[in-house]
Amino acid sequence: GKVPGFRIAATGVALELNASFEVVKKLKLVGTPTKIYKNTTFISGMFNSDIEVSRFEGAKIRTVSGVRGQIKKAIKEGQPGSFRATFEDKILLSDIVFCRTWM
């Protein structure tokens, strides 16, 4: 509550004065596996073009069942935005893959 006569005093140094700041939004990009090998999987539906995939190369991804992985490279065949990813374990065709990111 409010206490009469209560004040907080502090000292400090301003490191940077920046009038503009970016408002960020949390995104959850979702894709589905199309072809599954041992630990490598082709995933589609998460991105719209190969340029978007190249921007997210090396990003951490996860399946709903909790298997962690990483985006490797865009694949030329198939629909645009498809990419190759490696996972710690073999995933299922029914798994949904998502990538948490900020925009």
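**Pockets, strands and one salt bridge**

The second largest pocket is lined by Lys60, Ile61, Arg62, Arg68, Gly69, Gln70, Phe98, Cys99 and Arg100. (A pocket, on a 1 Å grid over the protein atoms alone, is an open set of points where a 1.4 Å probe fits, with protein on both sides within 12 Å along at least five of seven lines, and lining residues have an atom within 4 Å of a point.) Two or more of these lining residues come from each of β3 (60-63), β4 and β6. (Strands are DSSP runs of E with at least two residues, helices are runs of H or I with at least four, and both are numbered from the N terminus.) The volume of this second largest pocket is about 150 Å³, where a volume is the space filled by probe spheres set on the points, and grid points are joined across faces, edges and corners. Sorted by class, its lining has four charged, three nonpolar and two polar residues. (Ala, Val, Leu, Ile, Met, Phe, Trp, Tyr, Cys and Pro count as nonpolar, Asp, Glu, Lys and Arg as charged, and the others, Gly among them, as polar.)

A word on the model itself. It is a predicted one, in which local features need pLDDT of at least 70 and side-chain atom pairs count only at pLDDT 80 or more, while totals for chains, interfaces and linings use all residues. Residues are numbered from 1 along each chain as its sequence is written, and side-chain values use heavy atoms, with hydrogens and water left out.

Back to the lining, with Arg62 as one of its residues. Arg62 belongs to strand β3 and is partly exposed, its relative accessible area being 30%. (Buried means under 20% relative accessible area, exposed over 50%, and partly exposed in between, with a 1.4 Å probe and protein chains only.) Leaving out residues up to four places away in sequence, Arg62 touches Val67, Arg68, Ile96, Val97, Phe98 and Arg100; contact here means heavy atoms within 4.5 Å. Asp95 sits 33 residues from Arg62 along the chain, and 9.7 Å separates their C-alpha atoms. Strand β3 itself runs antiparallel to β6, with two bridges joining them, and Thr63 has Val97 in β6 as its bridge partner. (Two strands pair if DSSP finds at least two bridges between them.)

Arg68, also in that lining, takes part in a salt bridge with Glu88, side chain to side chain, at 3.0 Å from N to O. The pair links distant parts of the chain, 20 residues apart: Arg68 is in strand β4 (residues 68-74), and Glu88 is in the loop between β5 (83-87) and β6 (97-102). The structure holds one salt bridge, a term that stands for a side-chain nitrogen of Lys or Arg within 4 Å of a carboxyl oxygen of Asp or Glu. Glu88 counts as exposed because its relative accessibility is 51%.

Now for the largest pocket, which holds about 210 Å³ of space. Around it are Leu27, Leu29, Met46, Phe47, Glu52, Arg55, Phe56, Thr101, Trp102 and Met103. At least two of the lining residues come from each of β1, α1 (50-55) and β6. Seven nonpolar residues make up part of this lining, along with two charged and one polar. Thr101 is found in strand β6 and counts as buried because its relative accessibility is 15%. Beyond its neighbours up to four places away in sequence, Thr101 touches Lys25, Lys26, Leu27, Leu29 and Phe56.

Strand β1 (residues 26-36) runs antiparallel to β6, and six bridges join the two. Leu29 stands opposite Cys99 of β6, and Lys26 has Trp102 in β6 as its bridge partner. On to β2: four bridges join this strand to β1, again in an antiparallel arrangement, and a hairpin of three residues leads from β1 to β2. Ile36 has Thr41 in β2 as its bridge partner.

Thr41 lies in β2 (residues 40-44) and is buried, at 1% relative accessibility. Apart from neighbours within four places in sequence, its contacts are Pro33, Lys35, Ile36, Phe83, Arg84, Ala85, Phe87 and Ile91. Pro33, in strand β1, is buried too, with a relative accessible area of 6%. Not counting residues up to four places away in sequence, Pro33 touches Thr41, Phe42, Ile43, Ile91, Leu92, Leu93, Asp95 and Val97. Between Pro33 and Ile43, ten residues apart along the chain, the C-alpha separation is 4.3 Å.
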